[in-house]
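Please open the model in your viewer and keep the selection panel at hand. The tour moves from enclosed spaces to an open pocket and then to the ligand.

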Amino acid sequence: MSEINGNILIGATEERGQATFQGRNPATGESLPGAFAEAGVEHASAACALAAEAFPVFSTLSPADRAAFLESVAEHILGIGDALIIRAMEESGLPRARLEGERGRTVGQLRLFASVLRQGDWLEATIDPAMPDRAPLPRPDIRRVNQPVGPVVVFGASNFPLAFSVAGGDTASAFAAGCPVVVKGHPAHPGTGELVARAIQAAVAASGLPAGTFSYLPGTTQALGAALVADPRVKAVGFTGSRAGGLALVEIARNRPEPIPVYAEMSSINPVLLLPTAAAKRGADLGAAFIQSLTMGAGQFCTNPGLVVALEGADTEAFIAAAAQSLTSAPAQVMLSEGIWRNYCSGIDLLAGNERVTLVARGQAGEEANRGQAALFRTDADAFLADPTLSHEVFGSSSLVIVCRDVAEVKRVLAGLEGQLTSTLLMDPEDQALAGELLPLLTEKSGRVLANGWPTGVEVCHAMVHGGPFPATSDVRTTSVGTLAMVRFLRPVCYQNIPDALLPPALQAANPWGLTRRVNGTLTPA
Ligand code: NAP
């Protein structure tokens, strides 16, 4: 199963396109072995047709059978063994420990969705029984259940080649909901993508599912992604990447004869608020810890702390000085691809060239290919509020400290921010009153607010929200991490006076799946 031949995987069949491309090792800048087929619009159409064919079977599996399939995907990914980690290291420049952790996260989230499927509450089976004697009008029998939306297209993300890619959170949640998936592979890790795609393909076969439950299309052309989003058989899209890419796909989806949702997770600078007592008591420690979070994984996290908001004074200066000192010794790190490294360098150049922004410190420079040299800048609130470019995401280890004159200025800065995935309060107990004042502003702007931690590190669990107002995501009501991600690919369907034998099992009188259901407004165990 650890074979990589660069083929396009459409269900159980393999195809080649007209052209090929190669993976690159960002650490060396050199091409990696293997010629990957460029999937074209005809392959997109074939994969979507097969997904639509698979939908009636895959969408009506029992929760237990779909859970077993997710667990089989997890087992097949583990079955690839070290070949997966080695290829992912070569293609991403990420270290072994990080990728092993990411593999654990990938199989862990597949298993978590399996456990949710077995519990059944995601179906939200709801029954309002008929009231034939109600006056003045009788009530019919009304029942509701969640059903999958249809085939889903997933764009793998570059920065998590396992946990946000081919079998990542978008794919796992779409499968859990009962949707066949067509993945547009990310061109930065085509071999890793293919290995995982083959594991899913094997799990589909081992589970006796229709082959169209999953297809994998490698490619580097925007025409491929555009064709997938435009395909009439596709009913929703999951995406993680740039704001420009996400918005382009949203636009294509909106202009279809039948518009569909694109759940795009795009850009966020994740403000960190340094409150006065925390700054006074542990400003220097926090400064050093901040740099650890900023430089982790070369800063290539959507939750990277790209903005610090603090009050002027000696304590904030101590925080900045400690951060500068730590940063100066931070080694240059290889970035995920040449394109991402170039974007990072131009973001840094833009900040460095802004006359109202001061460079605080840079990390060490690297001689080799695609090495990111971390950077910390500072400015004041007036400059930040006057220049929208200062709030643009610089993907990588770059952060801007805004030194505010007073709390009113802090509030103006927060009010001027775009939507965020996260906001962080660095606070001591004495800061609680101020934190309470700022909290409503932070929840208005972000999907997750945290105290005394760092935004990097997103737990996969039931309560997690990895989402937020635009441009953090294209749909503020959802999350792409955690079990709630599944609701993106479900829709409620209501059955009125439908004979019991024709109802889906979740709503039948005998309750064959043993679900807790809401009957007449009350949660009622099986
Ligand atoms: P990207 O350029 O947005 O690409 C992501 C995926 O979407 C790729 O498969 C790409 O395909 C496809 N795509 C992008 N624009 C498209 C369009 N107009 N039409 C059809 N398909 C399109 O993201 P990336 O390559 O991962 O990284 C580039 C930048 O994105 C980074 O420098 C960073 O700024 C940002 N980024 C942000 C996050 C985050 O979590 N916020 C994560 C990763 C990257 P092709 O490459 O084949 O066109």
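In this predicted model, the count of cavities of 30 Å³ or more comes to four. Begin with the largest cavity, which holds about 70 Å³ of space, and select Y263, A264, T473, T478 and R488, the closest to its centre among the 13 residues that line it. Next colour strand β13, residues 262–265, because a strand here is a DSSP run of at least two residues and this one gives the most to the lining of the largest cavity, with three residues. If you then colour that lining by class, you should find three nonpolar, seven polar and three charged residues.

Now turn to the second largest pocket, in which about 260 Å³ of space lies. Select S59, T60, N146, Q147 and P148, which are the closest to the centre of this pocket out of the 19 residues that line it. Add helix α2 (63–80) and strand β8 (142–148) to the selection, since each supplies at least two residues of the lining of the second largest pocket. Which element gives the largest share of this lining? It is β8, with four residues. Colouring by class divides the lining of the second largest pocket into 12 nonpolar, five polar and two charged residues.

The last stop is the ligand. Show the 25 residues around the ligand, and pick out S158, K184, S242, M266 and C302, which come nearest. Then colour domain 1 (44–266 + 477–488) and domain 2 (271–451) separately: both give residues to the shell around the ligand, so the ligand lies between them. To see which elements take part, select α7 (222–230), β12 (236–240), α8 (243–254) and α11 (338–352), each of which supplies at least two residues of the shell, and note that α8 gives the most, with three residues. By class, the shell around the ligand has 10 nonpolar, 12 polar and three charged residues.

Finally, look at individual atom pairs with the distance tool. A polar side-chain atom of K184 lies 2.8 Å from an oxygen atom of the ligand, and an N or O atom in the side chain of H186 is 3.0 Å from an oxygen atom of the ligand. At M266, choose the backbone instead, where a polar atom is 2.3 Å from a nitrogen atom of the ligand. How much of the ligand's area does the protein bury? Taken alone the ligand exposes 870 Å², and the protein buries 87% of that.

Technical notes. Residues are numbered from 1 along each chain as its sequence is written. This is a predicted model: local features need pLDDT of at least 70, side-chain atom pairs count only at pLDDT 80 or more; totals for chains, interfaces and linings use all residues. Side-chain values use heavy atoms; hydrogens and water are left out. A residue is near a molecule or strand if one of its heavy atoms lies within 4 Å of it. A polar contact is a pair of N or O atoms within 3.5 Å; within protein, one must be able to donate a hydrogen and the other to accept it, and residues adjacent in sequence count only if both atoms are side-chain atoms. Accessible areas come from the Shrake-Rupley method with a 1.4 Å probe; for residues, only the protein chains shown count as cover. Ala, Val, Leu, Ile, Met, Phe, Trp, Tyr, Cys and Pro count as nonpolar, Asp, Glu, Lys and Arg as charged, and the others, Gly among them, as polar. Domain bounds come from an automatic or database domain assignment. On a 1 Å grid over the protein atoms alone, a cavity is a set of points where a 1.4 Å probe fits but cannot get out, and a pocket is an open set with protein on both sides within 12 Å along at least five of seven lines; lining residues have an atom within 4 Å of a point. Grid points are joined across faces, edges and corners, and a volume is the space filled by probe spheres set on the points.
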